[in-house]
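Work through the exercises below with the structure in view. Each task is followed by a solution in steps.

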Amino acid sequence: MTYIYAVANQKGGVGKTTSCICLSAALAERGKRALLVDLDPQGGLTTALGFDPDSFDTTIYTVLIGDEVPLDKAIIESKTDNVDFVPANLDLAGAEGELLGEIGWDRTLKVALKPVQQNYDYIFLDCPPSLGVLTTNALIAAQRVIIPVQTEYLAMRGLKQLTKVLSKVRRKGNPNLTAKVLRTLHQSRTIHASEASEELETVLGDEIYKTIIHRTIKFAEASVAGEPLLSYLPESKGAKAYRELATEVLKDG
Ligand SMILES: Nc1ncnc2c1ncn2[C@@H]1O[C@H](COP(=O)(O)OP(=O)(O)OP(=O)(O)O)[C@@H](O)[C@H]1O
Ligand SMILES: [Mg+2]
């Protein structure tokens, strides 16, 4: 059984990419095989894994558009055992317009994943910070969505828009899609963050992970080093938090 997760939030810089990388590393420590798919034209995932986006000719763009190269041809081994990824670069910026003209444009990623998905226990689709064609493709391909949200009131407002999109995706083709919020960039010392965090828990009930990811500069340091915080600083609080999150994800099935 393969579980496909979209990691999505139209707000930028909330920890989508970091969560894909750290969660897959934590699951790999538990013996699971994971595939990460970079769906951001900025190539944030590719870069944070320590690779140069421009060094790849075959990327998620060549899989989704035009040549329709089989996805297995685009898979690269990351530096973490049992974690592979599909890179992206700026070529993908043109994908939105190009895909829209195609038949079944919103199912393109789902179809591309089919032949490889049985090789993995978990697939994480790292969405760009928008609710466009690429994020829609991820939401159609996924069984579950992780929504990283910064614990502050303004960030919570953006959740409503995403929730509406999720309802539409469920109505129009992916009825069993489930979603859970992940609190990130949490500053436990501020009252505002603590209140926002509690409010999210009250409103969302079971649709929120118990694990809270605190704000720490260590995440940025790890991404500059091009490796997951879990191997860069295995005993750090941040690494431990993503291991806790992996336990929750494993429990979900
Ligand atoms: N818990 C955290 N504490 C502090 N910094 C963090 C945390 N999580 C991520 N970061 C840092 O914040 C920046 C943005 O994180 P990340 O790239 O994961 O967000 P994103 O949602 O993928 O952004 P984008 O929308 O641009 O793709 C990065 O520099 C990352 O290292
Ligand atoms: Mg990102």
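**Exercise 1.** Decide whether Cys22 is buried or exposed.

Solution. Buried means under 20% relative accessible area, exposed over 50%, and partly exposed in between, with a 1.4 Å probe and protein chains only. Cys22 has 3% relative accessibility, so Cys22 counts as buried. Cys20, at 0%, is buried too.

The model is predicted: local features need pLDDT of at least 70, side-chain atom pairs count only at pLDDT 80 or more, and totals for chains, interfaces and linings use all residues. Side-chain values use heavy atoms, without hydrogens and water, residues are numbered from 1 along each chain as its sequence is written, and chains are lettered from A and ligands numbered from 1 in the order in which they are written.

**Exercise 2.** State how many disulfides the structure holds, and explain why Cys20 forms no such bond.

Solution. A disulfide is a pair of cysteine sulfur atoms within 2.5 Å. The closest cysteine sulfur to that of Cys20 belongs to Cys127 and is 7.9 Å away, so it is too far for a bond. The count is 0. Cys22 is in no disulfide either: its nearest cysteine sulfur, in Cys20, is 9.8 Å away.

**Exercise 3.** Find which atoms of Thr18, His214 and Thr216 pair with ligand 1.

Solution. A polar contact with the ligand is a pair of N or O atoms within 3.5 Å.
- Thr18: a side-chain N or O atom is 2.5 Å from a ligand 1 oxygen.
- His214: a polar backbone atom is 3.0 Å from a ligand 1 nitrogen.
- Thr216: a backbone N or O atom is 3.0 Å from a ligand 1 nitrogen.

Methods:
A polar contact is a pair of N or O atoms within 3.5 Å; within protein, one must be able to donate a hydrogen and the other to accept it, and residues adjacent in sequence count only if both atoms are side-chain atoms.
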